[in-house]
Amino acid sequence: MTIKYKIWIEKDGELVFCKGREDILMAVNETHSINAAAKKMGMTYRGVWGRIKVSEERGKMKLVHISENRRLTQLTPKAQAIIDRYKKLENDMEQLLSNADRDFEQLISSH
């Protein structure tokens, strides 16, 4: 038995952050490049950059910093803080659901 869930963050009813955005930002953080992150994820540059820009605009925040020579892309401290907090939320939810999973398993399997 497994309980499933998805978590996303909205502002004014519009998506700002989700697992997909976390994955994109983590790929940017690893590669220091939007283009390399896009390739790593099997996405287009435009797809990755578009999702970052939408989250930045909706959240009224900067998530990435691109160097003046455009050779290095880094996450902003705000982006890193959001990722860290999102991961904690995911871990908390997984623990909660793991406990609930066991409870339901016992309730449904018992005669």
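How many Å² does the accessible surface of the protein come to, and what share of it belongs to carbon and sulfur atoms? With the whole chain shown as a surface, the total is about 7700 Å², and 53% of it belongs to carbon and sulfur atoms; accessible areas come from the Shrake-Rupley method with a 1.4 Å probe, and for residues only the protein chains shown count as cover.

This is a predicted model, in which local features need pLDDT of at least 70 and side-chain atom pairs count only at pLDDT 80 or more, while totals for chains, interfaces and linings use all residues. Residues are numbered from 1 along each chain as its sequence is written, and side-chain values use heavy atoms, with hydrogens and water left out.

Switch next to a cartoon view and follow the chain from the N terminus, where the elements run β-β-α-α-α-β-β-α, giving four helices and four strands (DSSP runs numbered from the N terminus, helices being H or I of at least four residues and strands E of at least two). The radius of gyration is 18 Å, well over the 13 Å that the globule rule gives for 111 residues, so the protein is more spread out than a compact globule; the radius is taken over C-alpha atoms, and the rule is 2.2 Å times the number of residues to the power 0.38. Along the principal axes, the C-alpha trace spans about 65 × 30 × 20 Å.

Now select Phe 17 in strand S2 (residues 14-18) and Tyr 86 in helix H4 (residues 77-109), which are 69 residues apart and link distant parts of the chain. Their rings form an edge-to-face pair, with 5.1 Å centre to centre and 75° between the planes, and this is the one aromatic pair that the structure holds. Rings of Phe, Tyr and Trp (its six-membered ring) pair if their centres lie within 6.5 Å, with planes under 30 degrees apart counted as stacked, over 60 as edge-to-face and the rest as tilted. Phe 17 is buried at a relative accessible area of 3%, and Tyr 86 is buried at 4% (buried means under 20% relative accessible area, exposed over 50%, partly exposed in between, with a 1.4 Å probe and protein chains only).

Finally, select Thr 73 in strand S4 (residues 73-75), which is buried at 5% relative accessibility. Leaving aside residues up to four places away in sequence, Thr 73 touches Val 28, His 32, Ser 33, Ile 34, Val 64, His 65 and Ile 66, where contact means heavy atoms within 4.5 Å.
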